[in-house]
Amino acid sequence: MKYNHTEIEKKWQEFWVVNKTFRTPDFNEIDKEKPKFYVLDMFPYPSGDGLHVGHPEGYTATDIVARFKRMNNYNVLHPMGWDAFGLPTEQFALKTGIHPKIRTAECVARFRGQLQSIGLSYDWDREVNTSDEKFFRWTQWIFLKLYNSFYDDEAGKAKPLSELKIPEGLDEAGKREFIDSQRLAYLSDGPVNWSPELGTVLANDEVAEQIEKGNTVVRRNMKQWKLRITKYADRLLHGLDELDWPANLKEMQRNWIGRSEGAMIKFKIESENLGDGRYIEVFTTRPDTIFGATYMVLAPEHPLVSEITTSENLNTVDEYILAAAKKSDLERQELSKEKTGAFTGAFAINPANNKRIPVLISDYVLVSYGTGAIMSVPGHDERDMEFAKKFNLEIVPVCIPADFKDTAFKIIKAEDGSEIIMSGPGLGYIEGKSDNVFHKFLEQTKKGETCFTGEGYAINSGFLNGLTTADAKKKIISWVEENKLGKKSVNYKLRDWLFSRQRYWGEPFPIIHFNDNDAAALNESELPLVLPETDSYKPSGTGESPLANLKDWVNITDEKTGRKVKRETNTMPQLAGSSWYFLRFIDPLNSETFCDKEKEKYWMPVDLYIGGTEHAVGHLLYARFWQKFLFDLGYAYYEEPFRKLFNQGMVLGEDGQKMSKSKGNVINPDDVIAQYGADSLRLFEMFMGPLEATKPWSTAGIEGMNRFLKRIWRLIIDEETGNLKPNITDEEPEIRLNKLLHFTIKKITHDISDLDMKFNTSIAQMMIFVNELYKAEKISRKILNQFVLLLSPFAPHIAEELWRRLGNQYSVSYEQWPRYEEELAKADMVTVVFSVNGKLRGKKELQPDLSDKELEQEALDDQNVIKHIMGKEVVKIIVVKNKMVNIVVR
RNA sequence: GCCGAAAUGGCGGAACUGGUAGACGCGCCGGACUCAAAAUCCGGUGAGCCUUAAACUCGUAAGGGUUCGAGUCCCUUUUUCGGCACCA
């Protein structure tokens, strides 16, 4: 009876389903004394294409860990669900008229079937679907919590609006405006990323991906919902420190959050249009270079532009603003080589040296970062220098590299102990040395040929002269603070999360509008607010969602007030549901709350989370944000959701190229399973290399895996009779094989429990073990039992089958993971190598743990070693226990 | 441009804190079984020294360094991949 993967896999998959083998018991049933392990895959979007071989890679890895932990007496939570709201399904509906709900159900059924055919040990009783109203009811609920909360900066956490202190003396409208300005979910009118092809706006992290797909993204002013994630910027940044995440991923989040320290400084405006006491405020990370600020630049959209522009310059400025407005963000960046701008006719006063400097506008200054205005230091900022050269603005060097320190100034100790700093162009000559390199540096900077952006020492900077950049920063900041011209300040690149989309297939907002600037939230009891039925998913054409066309649904009468109101017609982004789905798995059926806190306390945080890097700054940042928010309000026990994160690499086509339909190199896991079986697929996915690496698929490789499984089968089963091989005995194991078994147990146990996800070496060790078993005349059943258990997390179907055939009962899934004895896992002979001057000259099998003296003697007795040290002086002998002896001769 | 990761046989990849480079698999070569083939089993397989064995030399992208000893540590360069990119 030959190894029949199809039959065996079908049999055991059915067994697992019927027996609910992998069901994680309800919270009140589990033994809470046992340790827990929550192992999670990034849940997929159930697309029409089905799974590709990239999916099972991460899923198999987590499955191995889940199965291993179960066998090690952990309570394991290993769930799967569907990130089911999303644009492709809606576009499919537009094309075919098939309702997204129906399409989603089809795709989910297909995906679930495929996942089950891989033999993944999910608890299907906990399956969630973000587009299911029982699920998104709670997405809407969290949104309401955000809407009804504010961030208390002093306490450093979010609180319900009921605790918000409202300033006195406000009328009703003023109060409302104030409260709205504090909500963590708020409506904001301003420029957003709009994609005409998609008919929707996009969040910043989605823009790059959509452009790559060939969609255009333009800037457009629209009123949109945003979530105030920026309030959490610092906590999101610092929280990273304690997480066991890949360094590059943490770095990506840090970059995305983009914290920079510097100062806000006010520059007084001099304009014919404006009276005294008006200022331009700038943010700078280099306040120490303020003496070199020779002009200012405002973003074209800066509100002060219209006020300060003089009549003489009005036309050019207006033209420029218009031209800039027409450019998309992308165009602005692409044209970055050539700086453009216009003079406003206004001047400002540099507070450091009271110089009168011109104020210009340019689109290289972004309105959305800092204050939308900069002080320009062309000597020490490349962008400013480019602009200064183009517009013939003065460049003053105010910072020099440390190398020039001694030439640029001299610090003399005065009699009273204070320091006198001598500086000036002539210093080098006074000292009796002329430094051409230094003067060349100054000249080149003034001409715009050199731009030193590093840190060094201040020159031409009045009271900052001679200070290091760090000291100069401190000094100038305390100076502006004393003079009430500014303060130390921190800025972030992170923007608030654009949270609304003009789509049908998403969570509706539980919001009604009385008029343009007066909205109200539904009560929690009114949730879920379900999607209205329709057969038209076409965008309204006005930049509103398809829901806007459904007049009966949109226009309603508010029961509380009796007023006619309109429903919010936007829907939430796909990343809403994925920001908290991992909590729902803990308590998927709860209809009282999104997740019971006691259960969350037990199961969270996720102990191992595996997915691709593409979610580095989107999903992973938003999920952390929501977790922190729920923590602040006391709904969650933990502040960080994912303790250990691992990024799986990409699986390339056999040609080493990215898999794509157009290249015709796509491997379909269904075909692979049909031909070689799920166990071969699983094993090969893990054998290809470390999980994080990008590596090509190989048909020859999977054939090899299939061969390995057949070899295991024949080792145990007589293909002629279908019975156990006659050489399997009930005797005690042969010592040699037993030692190798223990070594193998140790190797695999470490490979899985260190969570480095390098299972290729575990499989290699199993192969070594099987090769050795083939050489044995008799094999003890005990050894085979243990081996099958070792194999089971990797290739569970064949393991279950062999386990039964070896005469065992029940499933391998909850058997005790094999233990190893350290003594047995040790080799009984070690190979010690002898080298002379670092070159290998001989080796010998020796007993372990010989003394240094004994090893030394062994080396000196070696014929080849003798040949190489003959007639030479032995300088020194280095002995590494159990490893090597190196003889150094002269 | 900046930041990060990587580069090892014909291929995928091993090598724990510096200590036998190339585990394991694929491919290839040889043998056994067979009328023959497939499958299977056994053996070999970094390069060079005309063949073989021993011995020797070279060899982990390139060059240099530290060390008794470097794939591993340090410096320089090249290439590949990933991320960021007017964020003041």
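**Close-ups of a predicted protein–RNA model**

**View 1. Helix 5 over a pair of strands.** In this predicted model, helix 5 (residues 133–147) lies across strand 22 and strand 23 and runs at about 130° to strand 23. Underneath the story of that helix is a strand pairing: strand 22 (residues 511–515) and strand 23 are antiparallel, joined over four bridges. Look for Ile 512, which stands opposite Ala 520 in strand 23.

**View 2. The open sheet, strand by strand.** Here we have four strands in the order 23-22-25-24, with antiparallel pairing. Strand 23 (518–521) and strand 24 (555–557) sit at the edges with a single partner strand each, so one side of each has no neighbour in the sheet. On average, neighbouring strands are turned by 40° against each other, ignoring direction.

**View 3. Helix 4 from end to end.** Helix 4 (residues 100–117) has 18 residues and reaches 25 Å from first C-alpha to last, close to the expected 26 Å. Its buried residues include Pro 100, Cys 107, Val 108, Phe 111 and Leu 115, as well as Arg 103 and Gln 114. After the helix comes Gly 119, with a positive phi near 80°.

**View 4. Around RNA strand B.** RNA strand B is surrounded by 50 residues, and the closest are Ser 260, Thr 285, Tyr 369, Arg 383 and Asn 886. Helix 26 (residues 760–775) gives the largest share of the nearby surface, with seven residues. Of the RNA atoms within 4 Å of the protein, 67% belong to sugar or phosphate, and the rest to bases.

**View 5. Three contacts with the RNA.** A polar side-chain atom of Tyr 369 lies 2.4 Å from a phosphate oxygen of RNA strand B. For Asn 886, a polar side-chain atom is 2.4 Å from a base oxygen. Tyr 364 uses its backbone instead: an N or O atom there lies 2.8 Å from a sugar or linking oxygen.

Note on methods: Residues are numbered from 1 along each chain as its sequence is written. Chains are lettered from A and ligands numbered from 1 in the order in which they are written. This is a predicted model: local features need pLDDT of at least 70, side-chain atom pairs count only at pLDDT 80 or more; totals for chains, interfaces and linings use all residues. Side-chain values use heavy atoms; hydrogens and water are left out. Two strands pair if DSSP finds at least two bridges between them. Helices (H or I, at least four residues) and strands (E, at least two) are DSSP runs, numbered from the N terminus. Axes are lines fitted to C-alpha atoms, for helices over the stretch in contact, and angles run from 0 to 180 degrees between N-to-C directions. Contact means heavy atoms within 4.5 Å. The expected span of a helix is 1.5 Å times one less than its number of residues. Buried means under 20% relative accessible area, exposed over 50%, partly exposed in between (1.4 Å probe, protein chains only). A residue is near a molecule or strand if one of its heavy atoms lies within 4 Å of it. A polar contact is a pair of N or O atoms within 3.5 Å; within protein, one must be able to donate a hydrogen and the other to accept it, and residues adjacent in sequence count only if both atoms are side-chain atoms.
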